[in-house]
Amino acid sequence: MTLPSENPADLDRQDPEGEIAARAAAYRNWGRWGEDDVLGTLNFIDEAKRVEAAGLVRDGVVVSLAQRFDTDGPQKGWRRRTNPVHTMTDTGVDAERGNQGFPHGIGGADDVIAMPLQCSTQWDGLGHIFDHGNAWNGRRAGDVVTSEGDLVTGIEHAASVIVSRGVLLDVGSHVGPESGELGDGYAVTVADLEATAVAQGVTVGRGDIVLVRTGQYGRTRREGWGDYAGGPAPGLSLTTAGWLHRTEIAAIATDTWGFEVRPNEFDAPAFQPLHQVVIPNIGLTIGEMWNLEALGAECAARGRWDFLLSAAPLPITGAVGSPINPVAIL
């Protein structure tokens with residue numbers, strides 16, 4: 001089989017269907033880990049990989065990679081995605097007034113939060129995207145995700161899995177302009193990823209979790225959210241699908257809303273074509289809306305771009321995604 005080109009200039013911008021199908025067929029991992037598999041490329045993380053990752057901790061510095069979860073978030077209601085709504089059900093006022101019904105002066109506070117699972121820093125699970133009615137590993141989408149949730153590949157299966165070597169590729173700083181921020185619509189290529197790795201003196205390989213900083217999140221924190229949720233953005237080119245497959249990485253995350261470049265790279269109608277290739281076909285777990293600004297600064301100061309990364313999803317039974325507070329430990 002002739003593999004699809006990794007040069008964006010070779011994309012047929014009038015044929016998203018054909019370009020997607022070629023990559024889905026070339027890089028499909030169905031059956032690679034057995035017909036009952038529920039983890040996809042997360043299978044590349046093993047005990048030895050975690051031991052290797054633990055050895056990267058030298059300074060004990062912990063960096064949270066999460067955005068805040070509050071009403072000042074990027075969501076505007078697209079497909080019913082809203083920002084988190086946090087409500088207090090018991091407060092200090094209630095305690096002061098003695099109306100909580102507890103004995104001997106004890107009082108307390110309780111709260112509840114309502115939010116879409118993918119409204120801020122999160123993982124896309126394997127049940128999130130389908131390709132022509134097929135879910136990960138060749139299952140029929142309707143047999144996997146129903147009104148009761150993801151009955152097969154729910155995010156709960158990854159709850160104790162996603163701890164590995166993290167690698168930050170600061171493409172915004174190493175390929176972008178002096179600002180360190182790629183412009184909206186910039187398609188990150190294989191050449192960009194590899195050039196960044198070389199510049200940083202870091203390698204990417206089996207079981208790694210790759211974090212790609214474009215700088216867009218930092219720009220929104222300075223200038224406001226704008227169209228961050230669903231609007232134009234830098235991100236990975238469809239032509240990176242082969243790199244994502246052959247490196248055998250376990251997962252990948254970006255600091256953008258949609259992971260891949262927006263607008264997508266076609267003149268004909270297209271929507272998130274890289275998602276369509278990598279989630280249901282490669283079995284790749286994708287993270288979005290990660291805050292990589294502080295991590296970029298810490299890595300640059302140390303001249304080290306790999307670290308122990310812990311990014312467990314909440315074990316929400318049957319969920320196709322999960323909010324997370326990923327932490328890098330250097």
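Which backbone oxygen lies 3.3 Å from a polar atom of the side chain of Gln272? The points below take up this residue and then move on to the sheet and the aromatic rings of what is a predicted model.

1. The backbone oxygen in question belongs to Gly258, and it lies 3.3 Å from a polar atom of the Gln272 side chain. Gln272 is found in the loop between strand 11 and helix 9, and with a relative accessible area of 6% it is classed as buried, because the limit for that class is under 20%. Leaving aside residues up to four places away in sequence, Gln272 touches Trp257, Gly258, Glu260, Arg262 and Asn264.

2. The residue just before it in the numbering leads to the aromatic rings, of which a search of the whole structure finds seven pairs. Trp78 and Phe271 form one such pair, with 6.0 Å from centre to centre and 40 degrees between the planes, an arrangement described as tilted. The two residues are 193 apart along the chain, Trp78 lying in the loop between strand 1 and strand 2 (85-90) and Phe271 in the loop between strand 11 (251-254) and helix 9 (273-282), and the pair thus links distant parts of the chain. Trp78 counts as partly exposed at 40% relative accessibility, and Phe271 also counts as partly exposed, at 45%.

3. A second pair is made by Trp123 and Trp290, whose ring centres are 5.1 Å apart and whose planes stand at 65 degrees, so the pair is edge-to-face. This pair, too, links distant parts of the chain, with Trp123 in strand 4 and Trp290 in the loop between strand 12 and helix 10 (293-302), 167 residues apart. Trp123 is buried, its relative accessible area being 0%, and Trp290 is likewise buried at 0%.

4. Further rings deserve a mention, since the reader may wish to look at them in the structure. Trp33, Phe44 and Trp136 form one aromatic cluster. The charged end of Arg28 sits over the ring of Trp30, 4.4 Å from its centre, while the charged end of Arg79 sits over the ring of Trp78 at 5.9 Å from the ring centre.

5. Turning to the sheet, nine strands form an open sheet with mixed pairing, in the order 1-15-13-7-9-11-12-4-14. Strand 1 (62-64) and strand 14 (321-323) stand at the edges and have a single partner strand each, so one side of each is left without a neighbour in the sheet. On average, and with direction ignored, neighbouring strands are turned by 25 degrees against each other. Helix 6 (residues 190-200) packs on this sheet, where it touches strand 7 (163-169) and strand 9 (209-212), and its direction makes about 95 degrees with that of strand 7.

6. Within the sheet, strand 4 (residues 122-124) and strand 12 (residues 285-288) pair in the antiparallel sense over three bridges. Here Asp124 stands opposite Ile286 in strand 12.

7. Strand 7 is also the place of Leu168, which is buried, with a relative accessible area of 0%. Not counting residues up to four places away in sequence, Leu168 touches Gln200, Leu211, Arg213, Leu292, Leu295, Gly296, Cys299, Trp305 and Phe307. The C-alpha atoms of Leu168 and Ala253 are separated by 9.6 Å, although the two residues are 85 apart along the chain.

Definitions and conventions
Residues numbered from 1 in each chain as written. Predicted model: local features only at pLDDT ≥ 70, side-chain atom pairs only at ≥ 80, totals over all residues. Heavy atoms only, no water. Pairing = 2+ DSSP bridges. Helix = DSSP H or I, 4+ residues; strand = E, 2+ residues; numbered from the N terminus. Axes fitted to C-alpha atoms, helices over the stretch in contact; angles between N-to-C directions. Contact = heavy atoms within 4.5 Å. Phe/Tyr/Trp six-rings, centres within 6.5 Å; stacked < 30°, edge-to-face > 60°. Buried < 20%, exposed > 50% of the residue type's maximum accessible area, 1.4 Å probe, protein only. Lys NZ or Arg CZ within 6 Å of the ring centre and 35° of its normal. Polar contact = N/O pair within 3.5 Å; in protein donor to acceptor, adjacent residues only side chain to side chain.
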